[in-house]
Amino acid sequence: VGFALAIAVRQRDFPVDLTTTLLHRKTIRGSIVGTRKDLNEALQIAALGSVKCTVEEKQLDDIDQILNDMAAGKIKGRVVLRIAPDE
């Protein structure tokens, strides 16, 4: 599983192996806004540890409440559903 974000990339072909992308559940996103300077500044901020991810783990049994909270805009960050116990 992986995630790639393309920012400040020059317009050109971007070959991707579709089979690998799908089988390994990779995500590729892009943005048409931002410059290379913006990208460098964002990377500097992340390197300083100033970027914090808000992730909350919940059980699959809580799915109804999670969906209600999502619809009401009450979720801050991301919710990860635990579908199996740790081994």
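The legends below walk through several close-up views of one predicted model.

**Figure 1. The whole chain, with its 3 helices and 4 strands.** Let us start with the overall layout before zooming in. Starting at the N terminus, the elements follow the order β-α-β-α-β-α-β. The chain has 87 residues, and 5% of them count as buried. Its accessible surface comes to about 8,100 Å², with 55% of that belonging to carbon and sulfur atoms. Taking contacts between residues at least 6 apart in sequence, 44% join residues at least 24 apart.

**Figure 2. A nonpolar patch on the surface, formed by F14, V16 and I28.** Together, F14, V16 and I28 offer about 290 Å² of accessible area. Where does V16 sit along the chain? V16 belongs to the loop between strand 1 (2-6) and helix 1 (18-23). With a relative accessible area of 39%, V16 is partly exposed.

**Figure 3. R25 and its positive phi.** This view moves to the loop between helix 1 and strand 2 (26-30), where R25 is found. The phi angle of R25 is near 50°, which is a positive value in a residue other than glycine. Is R25 buried or exposed? R25 counts as exposed, at 60% relative accessibility.

**Figure 4. A salt bridge within helix 2, between K37 and E41.** The structure holds 3 salt bridges, and this view shows one of them, with the closest N and O atoms of K37 and E41 lying 3.6 Å apart. Side chains of opposite charge can pair when their charged atoms come close. Why are K37 and E41 separated by about one helical turn? The two are 4 residues apart in helix 2 (residues 36-47), so about one helical turn lies between them. K37 counts as exposed, because its relative accessibility of 59% is over 50%. E41, at 35%, counts as partly exposed.

**Figure 5. A salt bridge between strands, joining R82 and E57.** Here the side chains of R82 and E57 meet, with an N to O distance of 3.1 Å. Which strands do the two residues come from? R82 lies in strand 4 (residues 78-82) and E57 in strand 3 (residues 55-59), so this pair ties together parts that are 25 residues apart in sequence. Both partners are partly exposed: R82 has a relative accessibility of 27%, and E57 has a relative accessible area of 49%.

**Figure 6. E56 and its surroundings in strand 3.** E56 forms a salt bridge with K58, and their closest N and O atoms are 3.5 Å apart. The side chains of E56 and K58 also make a polar contact at 3.5 Å. E56 is partly exposed at 43% relative accessibility, and K58 is partly exposed as well, with a relative accessible area of 22%. Which residues does E56 touch, leaving aside its neighbours within four places in sequence? E56 is in contact with R78, V79 and V80. Another residue to look for in this view is I75, which is 19 residues from E56 along the chain. The C-alpha atoms of E56 and I75 are separated by 9.2 Å.

How values were computed:
Residues numbered from 1 in each chain as written. Predicted model: local features only at pLDDT ≥ 70, side-chain atom pairs only at ≥ 80, totals over all residues. Heavy atoms only, no water. Patch = residues over 30% accessible without salt bridge, like charges linked within 9 Å, V, L, I, M, F, W, Y side chains within 5 Å. Areas by Shrake-Rupley, 256 points an atom, 1.4 Å probe, with all protein chains shown as cover. Salt bridge = Lys/Arg side-chain N within 4 Å of Asp/Glu carboxyl O. Buried < 20%, exposed > 50% of the residue type's maximum accessible area, 1.4 Å probe, protein only. Contact = heavy atoms within 4.5 Å. Polar contact = N/O pair within 3.5 Å; in protein donor to acceptor, adjacent residues only side chain to side chain.
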